[in-house]
Amino acid sequence: MAVLARRSTRVICQGLTGRAATYHVARMVAYGMRLVAGVTPGKGGQRHLDVPIFDTVAEAVAATGATASLVFVPPENAAAAMIEAIDAGIGLIVCVTERVPVMDMIRVRQRLAGTRTRLVGPNSQGILVPGETQLGVMSTVNARRGPIGIASRSASLTSEIVAQTTAVGLGQSTTIGVGGDPVHGIGLAECVRLFLDDPATEGIILIGEIGGSDEEEAAALIK
């Protein structure tokens, strides 16, 4: 099993027609991610990366049954994109955008309250289930299927720990990059809860970062 995403997860990408999204999403599809549509306002009716493009998330969800969204939208519009996905009932949002304004993220967190949507990011490497699916931009070179769940606030250290767990024959069940921004979606504590409920995860590695209270909250949960 895996947490948050699986090969069967139906994914849309907001901002799919942009250069960065085109490059990274093509890699994700090659790895196994099930891309069903893209969303770019004003480009509805076109096709890109062999999937239909819609003007809104609501239209894409109605047409494809998507349950997850990747957000590749510039910082000034990223919060609006996340809120649109929340309002459309998307269950999982992965936002890789960096430098989203803090006040914008406060509005996103307020909109998340009381919903079933889980947000990973912003400024996130995403989610990687080795050999199955990838929603994000983290390296897959050293990833191997195994029993270790990894949740991290640091991009570079994530790559290092993935490589080390693979080198010693352990591998990973799911790797989650929660993002290093001060205001973000799910934190280390919620990742711990997800891993504890996953029968395929036998061990957990948490990678912290300076600032915030994620590490303390995870420690309190574990205690």
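**Exercise 1. Helix H2 and its end**

Which residue just after H2 takes a positive phi? Work from this predicted model, and then determine which residues of H2 are buried and what covers them.

*Solution.* The residue that follows directly on H2 is glycine 65, whose phi is positive at about 70°. Within the helix itself, which spans residues 57–64, the buried positions are Val57, Ala60, Val61 and Thr64. Viewed down the axis of H2, these buried residues fall within an arc of 100°, so they line one face of the helix. This agrees with a general rule: an α-helix has 3.6 residues a turn, so residues three or four places apart point the same way. Ala62 and Ala63, on the other side of H2, are exposed. The cover over the buried residues of H2 includes strands S1 (10–14), S2 (34–39) and S4 (51–54), together with helix H3.

**Exercise 2. Two helix pairs**

At what angle do H3 and H4 cross, and at what angle do H6 and H7 pack? Describe the make-up of each contact.

*Solution.* Take H3 (residues 75–87) and H4 (residues 102–112) first: their axes come within 9 Å and cross at roughly 5°. Because angles under 35 degrees count as roughly parallel, H3 and H4 are therefore roughly parallel to each other. On the H3 side the contact is made by Pro75, Glu76, Ala79, Met82, Ile83, Ile86 and Asp87, and on the H4 side by Asp104, Met105, Arg107, Val108, Arg111 and Leu112. Sorted by class, the residues of this contact comprise eight nonpolar, no polar and five charged.

Turn next to H6 (residues 188–196) and H7 (residues 214–222), which pack at an angle of about 35° with their axes 7 Å apart. Here Leu188, Ala189, Val192 and Arg193 of H6 meet Asp214, Glu215, Glu217, Ala218, Leu221 and Ile222 of H7, a contact with six nonpolar, no polar and four charged residues.

**Exercise 3. Helix H6 and the nonpolar cores**

Which element gives the most residues to the largest nonpolar core, and which residues does leucine 135 touch?

*Solution.* Begin with the core as a whole, which has 34 residues, and in which Leu4, Val25, Leu70, Leu92, Leu135 and Ile176 have the most contacts. At least two of its residues come from each of S1, H1 (19–31), S4, S5 (68–71), S6 (92–95), S8 (126–129) and H6. Of the elements, H6 gives the most, with five residues. The buried residues of H6 are Leu188, Ala189, Cys191, Val192, Leu194 and Phe195, and they pack against S7 (118–120), S10 (145–152), S11 (172–177), S12 (203–207) and H7. Leucine 135, when residues up to four places away in sequence are not counted, touches Ala5, Val11, Met28, Met33, Ala68, Leu70, Leu92, Val94, Gln125, Gly126 and Ile127.

**Exercise 4. Backbone geometry in loops**

Where does a cis peptide bond occur, and which residues of the loop between S3 and S4 have a positive phi although they are not glycine?

*Solution.* The reference point is that most residues other than glycine have a negative phi, and most peptide bonds are trans. The cis bond joins glycine 121 and proline 122, with omega about 10°, and proline 122 lies in the loop between S7 and S8. In the loop between S3 (47–48) and S4, leucine 49 has a positive phi near 55°; aspartate 50, in the loop between S3 and S4, has a positive phi of about 65°. Leucine 49 is partly exposed, at a relative accessible area of 33%, whereas aspartate 50 counts as exposed at 63%.

Key. Residues are numbered from 1 along each chain as its sequence is written. This is a predicted model: local features need pLDDT of at least 70, side-chain atom pairs count only at pLDDT 80 or more; totals for chains, interfaces and linings use all residues. Side-chain values use heavy atoms; hydrogens and water are left out. Axes are lines fitted to C-alpha atoms, for helices over the stretch in contact, and angles run from 0 to 180 degrees between N-to-C directions. Helices (H or I, at least four residues) and strands (E, at least two) are DSSP runs, numbered from the N terminus. Angles under 35 degrees count as roughly parallel, over 145 as roughly antiparallel, 65 to 115 as roughly perpendicular and the rest as oblique. Contact means heavy atoms within 4.5 Å. Ala, Val, Leu, Ile, Met, Phe, Trp, Tyr, Cys and Pro count as nonpolar, Asp, Glu, Lys and Arg as charged, and the others, Gly among them, as polar. Buried means under 20% relative accessible area, exposed over 50%, partly exposed in between (1.4 Å probe, protein chains only). The arc is that of the directions from the helix axis to the C-beta atoms. A nonpolar core is a set of buried Ala, Val, Leu, Ile, Met, Phe, Trp, Tyr and Cys residues joined through side-chain atoms within 4.5 Å.
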